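Got your viewer open? Load the model, keep the selection box handy, and follow along stop by stop.

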Amino acid sequence: MATSDDKNLAFRATLARGLVSRRSLMAGAGGLGLAALTGCGIQGRNPGGGTAATTPVAKAAEDRSATEKIINWSNWPEYIDVDDKTQRHPSLDTFTKRYGIKVNYTEDYNDNDEFYAKVRPLLAANKDTGRDTWCSTDWMVARLIRQGYVQKLTLANIPNHANIEDSLVTVEFDPGRLYSMPWQSGFAGIAYNPKATGGKKVTTVDQLLTDPALKGKVTLLTEMRDTVGLVMLAMGKDITDFTDADFMAAIDEIKKAKDAGQIKGFTGNEYGKPLSSGDTAACFAWTGDVVQLQADNPSLGYSLPPTGCTLWSDNFVIPALAQHKANAEKLINYYYEPEVMAKVVDYVNYISPVRGTKAILERIDPDVANNPLIVPNAKTLSMAHVFRGLTSAEETKYSQAFSELTAG
């Protein structure tokens, strides 16, 4: 990475709010996804896969936005600004005051596959889901686009689309961001306990998988895209454009480490207690979990590997047959105002997808503005990569290979 600070980022307990809760939930999604993908990955209207250019066109409903001033938005829990006294969401209140549109904000998105299981039967039956927008993780967005379950955005309604950070515009699953716009982003990297590593910093994937000092005290993540993605990056592979051979080579590297006794298991966010106690010396980890752990154990370290880290995003999409599409696009455009997004980021402490928020954060909360996990510099972002979208066949094949690897 660019500097030692970028390689070994110091966390503060005050940044734990929101970020921990959201990413901890994502850990559960990773574990559930392995089983669910095999069952549902080949389902849908375009089972052979496809890109945004070839995906089926999502069915549109007659838009009631002009006469019904409402938006139904589903999101992950603790993933928006909150007034600690009133428990209201200031940014939503401001939106309603400005536009006269009421937002029915529901925190019922607890897991990608769980949510998909709720809405897919309706989408497959060409029925309204009762939602005008929700926020799905990259790989789920890829699936929704491929199956024709989300509508193309009307960019004339979203002039602030031009404010998307450059690093988040060019993604394989939605080139140019025509179907989705990021809500928040984060990194996956390496956490370690110096008391269990003999004082060593663990900064590379190779060290994690081969260092004898760590043997039997390493865990990787059950989220396939983060674990395999980090290993592929360490092998010099491009996770935005890889082959079956590239993926399986990474699986072989992980299997080699597992067979050698280097890896003791694969986890969701339950790596926390063993890492803090020293039973786990080092592991793949999500930034937010380590923030919380450092509140009680500030000696814990965290590194973004110099070979690159994974960058994930949760993204606004508008489902097929949404009843208030134009209203939803007005909401998305509102959150892409730097002033608005800066206030959300100041509360949830994720990486902003909106250009121009740093200058505002420097004014309202310099500590957040200067934290490289929340406002990464250009060189750090250049080392972060989004795992490419998969076809249905790839989802099934890769998930099966990873599931076999993590079993036992």
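Of the 408 residues in this protein, 57% are buried. Keep in mind while you click around that the model is predicted. Colour by secondary structure and you'll find 17 helices and 10 strands. Now switch on contacts: among those with a separation of 6 or more, 79% link residues 24 or more positions apart.

**Stop 1: H9 and the helix beside it**

Select residues 244–259, which is helix H9, together with 392–406, which is helix H17. How far apart are their axes, and at what angle do the helices pack? The axes are 10 Å apart and the angle is about 10 degrees. Angles under 35 degrees count as roughly parallel, so that is the label for H9 and H17.

Show side chains next. On the H9 side, the contact uses Asp-244, Phe-247, Met-248, Ile-251, Ile-254, Lys-255 and Lys-258. H17 answers with Glu-394, Lys-397, Tyr-398, Ala-401, Phe-402, Leu-405 and Thr-406. Colour these residues by class and you get 8 nonpolar, 1 polar and 5 charged.

**Stop 2: H8 across H9**

Keep H9 on screen and add helix H8, residues 224–234. Here the axes come within 9 Å and cross at roughly 90 degrees, which makes H8 roughly perpendicular to H9. From H8, pick out Met-224, Thr-227, Val-228, Val-231 and Met-232. Their partners on H9 are Asp-246, Phe-247, Ala-250, Ile-251, Glu-253 and Ile-254. By class, this contact has 8 nonpolar, 1 polar and 2 charged residues.

Leave Phe-247, Ile-251 and Ile-254 highlighted for a moment: they are among the H9 residues that contact H8, and they are also among those that contact H17.

**Stop 3: the two sides of H14**

Jump to residues 357–364, helix H14, and select its buried residues: Thr-357, Ile-360 and Leu-361. Look down the axis. These residues cover an arc of only 100 degrees, which puts them on the same side of H14. Turn to the face pointing away from that buried side and you'll meet the exposed residues Ala-359 and Arg-363.

What do the buried residues of H14 pack against? Helix H13 (338–348) and helix H15 (366–369). Over in H13, the buried residues are Val-340, Met-341, Ala-342, Val-344, Val-345, Tyr-347 and Val-348. Just past the end of H13, click on Asn-349, where phi is positive, at about 65 degrees.

**Stop 4: two asparagines and helix H12**

Select Asn-327 in helix H12, residues 325–335. Is Asn-327 buried or exposed? Buried, with a relative accessible area of 3%. Ignoring neighbours within four places in sequence, Asn-327 is in contact with Ser-65, Glu-68, Lys-69, Ile-70, Ile-71, Phe-95 and Ile-101.

Now try Asn-157, in the loop between helix H5 (138–146) and helix H6 (166–169). This asparagine is partly exposed, at 33% relative accessible area. Leaving out residues up to four places away in sequence, Asn-157 touches Ala-326, Glu-329 and Asn-333. Draw a C-alpha distance from Asn-157 to Ala-326 and you should get 7.1 Å, for two residues 169 apart along the chain.

**Last stop: the cysteines**

Select Cys-135, which is buried at 0% relative accessibility. Cys-283 is buried too, also at 0%. How many disulfides does the structure hold? The count is 0.

Technical notes:
Residues are numbered from 1 along each chain as its sequence is written. This is a predicted model: local features need pLDDT of at least 70, side-chain atom pairs count only at pLDDT 80 or more; totals for chains, interfaces and linings use all residues. Side-chain values use heavy atoms; hydrogens and water are left out. Buried means under 20% relative accessible area, exposed over 50%, partly exposed in between (1.4 Å probe, protein chains only). Helices (H or I, at least four residues) and strands (E, at least two) are DSSP runs, numbered from the N terminus. The arc is that of the directions from the helix axis to the C-beta atoms. Contact means heavy atoms within 4.5 Å. Axes are lines fitted to C-alpha atoms, for helices over the stretch in contact, and angles run from 0 to 180 degrees between N-to-C directions. Angles under 35 degrees count as roughly parallel, over 145 as roughly antiparallel, 65 to 115 as roughly perpendicular and the rest as oblique. Ala, Val, Leu, Ile, Met, Phe, Trp, Tyr, Cys and Pro count as nonpolar, Asp, Glu, Lys and Arg as charged, and the others, Gly among them, as polar. A disulfide is a pair of cysteine sulfur atoms within 2.5 Å.
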